[in-house]
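Colleague: Could you take one close look at the binding site in this model and then walk me outward into the parts around it? Please spell out your cut-offs as you go, since I'd like to rebuild the analysis myself.

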Amino acid sequence: MILRLAGVSKRFGAVVVADKIDLDVARGEALGIIGANGAGKSSLFNLITGVVTPDAGTVSLGGRDVTKVSLRNRCVAGIGRSFQIPRPFESLTVFENLLVASEYGREHGHRGANELCGSILERTGLAAQANTLAGKLTLLNRKRLEMARALATQPDIVLLDEIAGGLTEAECHELVAFIRQLNQEGVTIVWIEHVVHALLSVVSRLVVLEFGRKIADGEPHAVMNDPEVRRSYLGIDDEVAA
Ligand SMILES: Nc1ncnc2c1ncn2[C@@H]1O[C@H](COP(=O)(O)OP(=O)(O)OP(=O)(O)O)[C@@H](O)[C@H]1O
Ligand SMILES: [Mg+2]
């Protein structure tokens with residue numbers, strides 16, 4: 001098991017963002033997460049990465065309890081993440097942004113940072129923008145940069161927070177192919193996405209959150225057909241519709 005959450009709970013005042021969440025992610029898996037706005041999806045990533053400390057429960061990475069481990073050390077331990085709202089260093093170039101991420105993340109080993117970041121630029125379709133200031137990028141390229149920065153930390157597991165929204169169908173298709181390929185190379189993927197058709201073309205398991213609670217977890221098509229999921233996420237009440 002690469003990631004395990006056991007009884008993770010967190011509230012901000014009256015808002016419960018995580019309610020006794022148990023979640024296991026196997027190494028090499030591609031897991032999707034959906035849920036209405038405010039369901040606690042991004043908060044779950046904050047709890048996994050260490051931005052937020054749970055009120056109760058534990059987060060383990062590769063069998064090691066990291067609940068009290070810092071953000072940086074969780075990154076070094078192999079968790080990469082892209083943010084729902086891209087957060088590049090706007091006054092640095094694309095390449096410099098990757099160098100910063102690669103220094104923050106794991107040791108480069110025999111490969112130098114330049115080589116690592118150069119190859120990620122190629123893979124994410126950003127090579128032509130290497131020397132562009134991140135603040136000047138188009139939406140698609142900002143999303144690519146979010147992904148590239150996550151990869152520059154050399155993660156075993158990458159958490160992607162809504163990276164397909166706002167893209168054209170062709171751009172979305174390209175993104176899906178890339179994520180699928182990463183997964184085939186052995187990177188574990190956990191992907192929060194409202195563009196459900198894109199998500200379902202990659203993931204082999206789907207989790208649904210509602211008010212910080214996990215209300216479904218299983219095979220994606222079965223989960224999408226679950227009456228509670230249809231009511232919560234799609235607003236379809238099967239009893240009324242019948
Ligand atoms: N640091 C915080 N302090 C107070 N409330 C917070 C904090 N972080 C999140 N919340 C609240 O917790 C709830 C869940 O937020 P979260 O961002 O996890 O939702 P989400 O499922 O990612 O939603 P979306 O689909 O809109 O991105 C929201 O009501 C949000 O306002
Ligand atoms: Mg969110």
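**The ligand site and its surroundings**

Modeller: Sure, let's start with ligand 1, which has 14 residues around it, with Gly38, Lys41, Ser42, Ser43 and Gln84 the closest. A residue makes that list if one of its heavy atoms lies within 4 Å of the molecule. Some ground rules: this is a predicted model, so local features need pLDDT of at least 70 and side-chain atom pairs count only at pLDDT 80 or more, while totals for chains, interfaces and linings use all residues. Residues are numbered from 1 along each chain as its sequence is written, chains are lettered from A and ligands numbered from 1 in the order in which they are written, and side-chain values use heavy atoms, with hydrogens and water left out.

Now the polar contacts, meaning pairs of N or O atoms within 3.5 Å; within protein, one atom must be able to donate a hydrogen and the other to accept it, and residues adjacent in sequence count only if both atoms are side-chain atoms. Oxygen atoms of ligand 1 turn up in each of the next three. Serine 43 puts a polar side-chain atom 2.6 Å from an oxygen of ligand 1. For lysine 41, a side-chain N or O atom sits 2.7 Å from a ligand oxygen. Glycine 40 uses its backbone instead, with an N or O atom 3.0 Å from an oxygen of ligand 1. Taken on its own, ligand 1 has 640 Å² of accessible area, and the protein covers 61% of that; the areas are Shrake-Rupley values with a 1.4 Å probe, and for residues only the protein chains shown count as cover.

Where does that shell come from? Two elements give two or more residues each, β2 (15–25) and α1, and α1 has the largest share with three residues. My element names are DSSP runs numbered from the N terminus: helices are H or I with at least four residues, strands are E with at least two. By class, the shell holds seven polar, five nonpolar and two charged residues. In that split Ala, Val, Leu, Ile, Met, Phe, Trp, Tyr, Cys and Pro are nonpolar, Asp, Glu, Lys and Arg are charged, and the others, Gly among them, are polar.

Next, the magnesium ion, ligand 2: its protein donors are Ser42 through OG and Gln84 through OE1, at 2.1 to 2.2 Å. Serine 42 belongs to helix α1 (residues 41–49) and glutamine 84 to the loop between β6 (79–81) and α3 (94–104), so the two tie together parts that are 42 residues apart in sequence. Donors here are N, O and S atoms within 2.8 Å of the metal (3.2 Å for Na, K and Ca), and water is not among the atoms, so a site may look incomplete. Serine 42 is partly exposed at 22% relative accessible area, and glutamine 84 is also partly exposed, at 36%. The scale runs like this: buried is under 20%, exposed is over 50%, and partly exposed is in between, with a 1.4 Å probe and protein chains only.

That same loop between β6 and α3 also holds serine 82, which is buried at 0% relative accessibility. The serine 82 side chain reaches the backbone nitrogen of aspartate 161 at 3.3 Å.

Finally, follow β2 away from the ligand. An open sheet of four strands runs in the order β2-β1-β4-β5 with antiparallel pairing, and its edge strands, each paired on one side only, are β2 and β5 (64–65). Two strands pair if DSSP finds at least two bridges between them. β1 (residues 3–12) and β2 share seven antiparallel bridges, with leucine 5 opposite leucine 23 in β2. Their hairpin has two residues between the strands, and glycine 13 there takes a positive phi near 60°. β1 is also joined to β4 (residues 56–61), antiparallel, by five bridges, with alanine 6 partnered by threonine 58. β4 then pairs with β5 over two antiparallel bridges, and serine 60 has aspartate 65 as its bridge partner.
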